[in-house]
Amino acid sequence: MTLIVLGLALWWGAHLWKRVAPGSRARMGDPGKGLVAVLVLAGVVLMVIGWRGSAWLGIEPVETVFVWDPPRFLIHVNNLLMLFAFYLYAASGMKTRITRVIRHPQLTAVKTWAVAHLLVNGDLAAIVLFGGLLAWAVVEVILINRAEPRGRVPEPAPMGKEIGAVVGAVVVMGAVMLIHNWLGVAPWG
């Protein structure tokens, strides 16, 4: 659990540095970007190691603290939310029509991903990890919205980009589900 919390702290700190202390971040210039990348990567590594150390995955004999027992039907809700999260992430890069409505599609994808995982994981480690990332995404959106007015709404994307985002989301989700299965997590229920 300590590694998860430390990883979350690095993730939060690296991402919020620009928002909380913009002058400090700006003075570092390009090397600051490298530092942010290293801190984010270190945070992800710590979160993954901390997560894999939970007894639920059978990696290490650590006692798992269960907070609640998610009903099995939530696996299907999770999968629908995950498909939407992958679509939002793809839509962000492709500037599809949904970006006309949702100002922060990548952060909304992270929030959707976190909520989906909170629905199907009832152990304390999962609540700390996914809840911590959900809270970060909410704070990030609030800080961005306060600091920067919304820019011009993008023009509607061509239908090819819409189709590309949907197909890309399905393909990436399938790959991620196969990786989850390979790691011993049954995403299909």
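Colleague: Which helix is included in what covers the buried residues of H6?
Modeller: In this predicted model, H6 takes in residues 159-182. Its buried residues (under 20% relative accessible area; exposed is over 50%, partly exposed in between; 1.4 Å probe, protein chains only) are Glu-162, Ala-165, Ala-169, Met-173 and Met-177. Their cover, in terms of contact (heavy atoms within 4.5 Å), includes helix H3 (74-94).

Colleague: What settings apply to residues and side-chain values?
Modeller: Residues are numbered from 1 along each chain as its sequence is written, and side-chain values use heavy atoms, without hydrogens and water. The model is predicted: totals for chains, interfaces and linings use all residues, local features need pLDDT of at least 70, and side-chain atom pairs count only at pLDDT 80 or more.

Colleague: How far apart are the end C-alpha atoms of H6?
Modeller: H6 has 24 residues. The expected span is 1.5 Å times one less than the number of residues. So H6 should span 34 Å, which agrees with the end C-alpha distance of 35 Å.

Colleague: What is the phi of the glycine that follows H6?
Modeller: The residue is Gly-184. Its phi is positive, near 95°.

Colleague: How far is Gly-168 from Ala-91 in space?
Modeller: Gly-168 lies in H6. It counts as partly exposed because its relative accessibility is 27%. Gly-168 and Ala-91 are 77 residues apart in sequence, but C-alpha to C-alpha they are 9.6 Å apart.

Colleague: Is Asn-78 buried or exposed?
Modeller: Asn-78 sits in helix H3. Leaving out residues up to four places away in sequence, Asn-78 touches Ala-116, His-117 and Val-120. Its relative accessible area is 9%, so Asn-78 is buried.

Colleague: Which elements are included in what covers the buried residues of H4?
Modeller: The buried residues of H4 include Leu-107, Thr-112, Ala-116 and His-117. H4 has 16 residues and should span 22 Å, and its end C-alpha atoms are 23 Å apart, which agrees. Cover for its buried residues includes H3, helix H5 (124-147) and H6.

Colleague: Which residue in the loop between H3 and helix H4 (105-120) is worth a look?
Modeller: Most residues other than glycine have a negative phi. One residue of this loop has a positive phi, near 55°, without being glycine. At 47% relative accessibility it counts as partly exposed. The residue is Lys-95.

Colleague: How many helices and strands does the protein chain have?
Modeller: Helices are DSSP runs of H or I of at least four residues, strands are runs of E of at least two, numbered from the N terminus. From the N terminus, the order is α-α-α-α-α-α. The count is six helices and zero strands.

Colleague: What radius of gyration does the protein chain have?
Modeller: The globule rule is 2.2 Å times the number of residues to the power 0.38, over C-alpha atoms. For 189 residues, a compact globule would have a value near 16 Å. The C-alpha trace spans about 50 × 40 × 25 Å along its principal axes. The radius of gyration agrees with the rule, at 18 Å.

Colleague: What share of the contacts with a separation of 6 or more comes from residues 24 or more positions apart?
Modeller: Of the 189 residues, 36% count as buried. Among contacts with a separation of 6 or more, residues 24 or more positions apart account for 73%.
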